[in-house]
Amino acid sequence: MTDPRGDLADLGFETLALHAGQEADASTGAVVPPIHQVSTYKQDGVGGLRGGYEYSRSANPTRTALEECLAALDGGAKAMAFASGLAAEDTLLRTVCVPGDHVVIPGDAYGGTYRLFSQVLARWGVEHTPAGDDIDSLAAAVQSGRTKVVWVETPTNPLLSIVDVAAAAQVAHDAGALLVVDSTFASPYLQQPIALGADVVVHSTTKYMGGHSDVVGGALVAATQELGERLQYHQNAMGAVAGPFDSWLVLRGLKTLALRMERHSDNAEKVVDLLVSHPAVDQVLYPGLPTHPRHDVAARQMRRFGGMVSFRVTGGAEQALRVCERARLFTLAESLGGVESLIEHPARMTHQSAAGSPLEVPDDLVRLSVGVETADDLLADLSRALS
Ligand SMILES: *Cc1c(COP(=O)(O)O)cnc(C)c1O
């Protein structure tokens, strides 16, 4: 049967989010892919698979719908959906590395990513070197012939640093390594790392892609079919797959990703305006600010600057904790990327696992995930919490 929607490659982002991988159900006409809550599939004779499905660890139709949509949104050859972002990262690293290999990791990264490198993969024999977010520092950390992966996060969690993806791809490829980009903070709506040279894009779909704080999931998007097939083999062999209902929730979130990212960015810009002129705020970290050290790179490689804002308060850790606890509309909680605004203290919460390491974050830092509420209500809440 030919696809009546024609070539997906010609369609815009919002259209792909609604239609890639999501034809009306062939047996019922349901316009939304059903939740195929099933583990196994009847065979018409041994090996006679009706729809190509055999066992839901290997593949499940709801997950396939999500994976096709994920590949289309990031412009990759193949995508895989996992039970969490960290499950995706672990599967990726143990596909492309063997014990004895070396990886370059970000000097600022999601705390759980750093813990995976420092507490799990290090014991497995994969060595890591943290690098700064500038290209010279990345290049200096690469060991030619030994480095298998250059891993970057952009924007970073929680300091909102920006890495030049095209330049990082050059550094990685010159050394015979893969460039992996954790694009969780941007989502595929704001940034397209594969078009800039990345080999694999990592997402915690728990965040903006799910978008409603109701699901934990992860994704890998591979630039090439060959790498995608190796990753898919390991996805099945290691087994940390996304379940059907979780896949359905992420797919549902993707339909409004573009709309949400626009509103997250609008609201974040207003929050930043308030913070930069506030006497209780020492420094605002947001790639959309002209004073951000790599604002020009962000402006080049991102559509807008997203909903994550960090700031350092005057008055140290005590004051940062006080602001977190006084906010009301901004809910005190870990995680990010949902429709509701969240506030947190990275040093004591999301990044506690980096305490005492080269990735330790300042304790006067507050991180906001700016949601899609009425902007004036968010500004009033923050003003009160800072007063
Ligand atoms: C949350 C997060 C992860 C880990 O994803 P989980 O879904 O929590 O396992 C990885 N990278 C970044 C940037 C994150 O914010």
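Biologist: What is the order of the strands in the open sheet of 7 strands?

Modeller: This is a predicted model, and in it the order is β1-β7-β6-β5-β4-β2-β3, with mixed pairing.

Biologist: Which strands stand at the edges there?

Modeller: β1 (78-82) and β3 (127-131) do. Each has a single partner strand, so one side of each is left without a neighbour in the sheet. From one strand to the next, the twist averages 20°.

Biologist: Does anything pack on that sheet, and if so, which helix?

Modeller: Helix α8, residues 225-238, packs on the sheet. Helix α8 touches β1, β5 (178-182), β6 and β7, and its direction makes about 20° with that of β1.

Biologist: Back to the strands. In which sense do β2 and β4 pair, parallel or antiparallel?

Modeller: Parallel, over 3 bridges, with β2 covering residues 102-106 and β4 covering residues 147-153. His102 stands opposite Thr147 in β4.

Biologist: New topic, the ligand. How many residues surround it?

Modeller: There are 16, and the closest are Gly85, Asp182, Ser204, Thr206 and Lys207.

Biologist: What are the distances for Gly85, Asp182 and Ser204?

Modeller: A polar backbone atom of Gly85 is 2.9 Å from an oxygen atom of the ligand. For Asp182, a polar side-chain atom lies 2.6 Å from a nitrogen atom of the ligand. Ser204 has an N or O atom in its side chain at 2.8 Å from an oxygen atom of the ligand.

Biologist: And Lys207, what does UniProt place there?

Modeller: The unreviewed UniProt entry places the feature "modified residue: N6-(pyridoxal phosphate)lysine" at Lys207. Lys207 lies in the loop between β6 (200-204) and β7 (218-222).

Biologist: Is Lys207 buried or exposed?

Modeller: Buried, because its relative accessibility is 9% and the cut-off for buried is under 20%.

Biologist: Which residues does Lys207 touch?

Modeller: Leaving aside residues up to four places away in sequence, Lys207 touches Thr184, Ser335, Leu336 and Gly337.

Biologist: Where is Ser335, then?

Modeller: Ser335 sits in the loop between β10 and β11. Its phi is near 75°, a positive value in a residue other than glycine. At 29% relative accessibility, Ser335 counts as partly exposed.

Biologist: Why point out a positive phi?

Modeller: Most residues other than glycine have a negative phi. Ser213 also has a positive value, with phi near 55°. Ser213 is in the loop between β6 and β7, and counts as partly exposed because its relative accessibility is 47%.

Biologist: Which strands make up the open sheet of 5 strands?

Modeller: In order, β8-β9-β12-β11-β10, with mixed pairing. β8 (281-285) and β10 (331-332) stand at the edges with a single partner strand each, so one side of each is left without a neighbour in the sheet.

Biologist: How many bridges join β9 to β12?

Modeller: 5 bridges join β9 (residues 308-313) to β12 (residues 365-369), and these strands run antiparallel. Val309 has Leu368 in β12 as its bridge partner.

Biologist: Which strands does helix α12 lie across?

Modeller: Helix α12, residues 316-326, lies across β9, β10, β11 (342-344) and β12, and runs at about 135° to β9.

Biologist: Last thing, cis peptide bonds. Where is the one with omega near -10°?

Modeller: From Thr154 to Pro155. Another cis peptide bond joins Asn157 and Pro158, with omega about 10°. Pro155 is in the loop between β4 and α6 (165-174), and Pro158 is also found in the loop between β4 and α6.

Key
Residues numbered from 1 in each chain as written. Predicted model: local features only at pLDDT ≥ 70, side-chain atom pairs only at ≥ 80, totals over all residues. Heavy atoms only, no water. UniProt positions renumbered as here; feature names shortened; annotations may be inferred. Helix = DSSP H or I, 4+ residues; strand = E, 2+ residues; numbered from the N terminus. Buried < 20%, exposed > 50% of the residue type's maximum accessible area, 1.4 Å probe, protein only. Contact = heavy atoms within 4.5 Å. Pairing = 2+ DSSP bridges. Axes fitted to C-alpha atoms, helices over the stretch in contact; angles between N-to-C directions. Near = heavy atom within 4 Å. Polar contact = N/O pair within 3.5 Å; in protein donor to acceptor, adjacent residues only side chain to side chain.
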